[in-house]
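Trainee: Could you take me through one part of this model up close? I'd like to see how the helix packing in the middle of the chain is put together, and what sits around it.

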Amino acid sequence: MVDALTAGVHRLEAIEGILADWSVSGDLATAAAFDLFAEHGRPLPADFWPHAVTTAVGASTLARRVGALPNDAFSLGLLHDLGTALVCRRAPQEFDGLVASGELEATHAHIAASALGVMRFPADIVEAIDEHHGAPGGGVASSWGRLLIAADAIALAIDESTSETNVPLGPALDAAGVPESAADALVDEVRAAREQLASFPA
Ligand SMILES: [Fe+2]
Ligand SMILES: [Fe+2]
C-alpha cells in the first residue's frame, strides 16, 4: 500500500512538473502541445482520434440544438482529450500507471486546459475542457462545459470506447439543455454524421 501511494505521489509530481514548465514558458507550452504530432513518446491510444472526431461531431450536433456555434463546438470536441495525448508524448513512462490508478481521467482534462490556457485559447473553451469530467448538473458552471460533457457521453455511447468514462447520457443531455427523450434520435443523428467522416482518422 505504501509503495502504491508513493508511486502515485511520484506520478502526480511528474505531471505537476510538466504543468510548471508550461506555466513559465509560453514557447515551451506551444512546443509541448505540438509534440502531439511528433515521433517521440508513446503512440496515442488507438481510439484517441476516432473518439475525438465522434465527440466533435456530437458537440456540433448539440450546438445546433441549443443555439451555440457549431464550428466552435466541433473544435472543442476535437481538442477535449488533448491532455491524454500530451501525457503520451511528454510523460510516456507515467502513462500506464496513471491509467491503472484512475489518475489519468482525473488529470488529463486539467493538463489540456493548462496547455491551452498558456497558448491563450479563449477562456470559455479552456474552462469547458478543464471541467469536462465534472458533474454537469452541479459543479459545471459553463454552458460550453455542459455541452462538452454531453458530447463526450454521446461519443462514448457510439464508439463504446474503453479509454475513459463520463456521466450517463440522459443527465448529461438534460444539463446541456436537451431533453433526455431526444437521446436516441440524437445518437442516431451523430452516428450517421460520424460515419460520413469515417475515413478521416483512419
Ligand atoms: Fe476526457
Ligand atoms: Fe473524451
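Mentor: Sure, let's start with the whole chain: there are 11 helices and 0 strands, where helices (H or I, at least four residues) and strands (E, at least two) are DSSP runs, numbered from the N terminus. Read along the sequence, that gives α-α-α-α-α-α-α-α-α-α-α. Bear in mind that this is a predicted model, in which local features need pLDDT of at least 70 and side-chain atom pairs count only at pLDDT 80 or more, while totals for chains, interfaces and linings use all residues. As for labels, residues are numbered from 1 along each chain as its sequence is written, and chains are lettered from A and ligands numbered from 1 in the order in which they are written.

Of the 202 residues, 43% count as buried; a residue is buried if 20 or more other C-beta atoms lie within 10 Å of its own, exposed if 12 or fewer, and partly exposed in between, with C-beta atoms placed from the backbone. Two residues are in contact if their C-beta atoms, placed from the backbone, lie within 7 Å. Of the contacts with a separation of 6 or more, 65% are between residues 24 or more positions apart.

Now zoom in on helix 4, residues 70-79. Its buried residues are Ala73, Phe74, Leu76, Gly77 and Leu79. What covers them includes helix 3, helix 5 (82-90), helix 7, helix 8 and helix 9.

Take helix 3 to begin with. Two packed helices are described by the angle between their axes and the distance between the axes. Here the axes of helix 3 and helix 4 come within 7 Å and cross at roughly 150°; axes are lines fitted to C-alpha atoms, for helices over the stretch in contact, and angles run from 0 to 180 degrees between N-to-C directions. That angle makes helix 3 roughly antiparallel to helix 4, given that angles under 35 degrees count as roughly parallel, over 145 as roughly antiparallel, 65 to 115 as roughly perpendicular and the rest as oblique. The crossing of helix 3 and helix 4 is right-handed: a crossing is left-handed if the near helix is turned anticlockwise from the far one by less than a right angle, and right-handed if clockwise. On the helix 4 side, the contact uses Pro70, Ala73, Phe74, Leu76, Gly77 and Leu78. Helix 3 brings a list that includes Ala52, Ala56, Ala59, Ala63 and Arg64. By class, this contact has 11 nonpolar, 4 polar and 1 charged residues; Ala, Val, Leu, Ile, Met, Phe, Trp, Tyr, Cys and Pro count as nonpolar, Asp, Glu, Lys and Arg as charged, and the others, Gly among them, as polar.

Next comes helix 9, residues 143-159, whose axis comes within 10 Å of the helix 4 axis and crosses it at roughly 60°. The two are therefore oblique to each other, and their crossing is right-handed. Ala73, Leu76 and Gly77 of helix 4 meet Trp144, Leu147, Leu148 and Ala151 of helix 9. That contact has 6 nonpolar, 1 polar and no charged residues.

Helix 9 also packs with helix 10 (residues 169-176), at an angle of about 150° and with the axes 8 Å apart. Helix 9 and helix 10 are therefore roughly antiparallel, and this crossing is left-handed. Among the residues that meet are Arg146, Leu147 and Ile149 of helix 9 and Leu169 and Ala172 of helix 10. The contact of helix 9 with helix 10 divides into 11 nonpolar, no polar and 1 charged.

Trp144 has another partner in helix 8 (residues 123-130), where Asp124 sits. Asp124 touches Ser142 and Trp144, leaving aside residues up to four places away in sequence. Asp124 and Trp144 are 20 residues apart in sequence and 7.1 Å apart in space, C-alpha to C-alpha. With 14 C-beta neighbours inside 10 Å, Asp124 counts as partly exposed.

At the other end of helix 9, look at Asp47, in the loop between helix 2 (26-34) and helix 3 (48-66). Asp47 touches Asp159, Ser161 and Ser163, again not counting residues up to four places away. The C-alpha atoms of Asp47 and Ser163 are separated by 7.6 Å, although the two are 116 residues apart along the chain. Asp47 has 17 C-beta neighbours inside 10 Å, so it counts as partly exposed.
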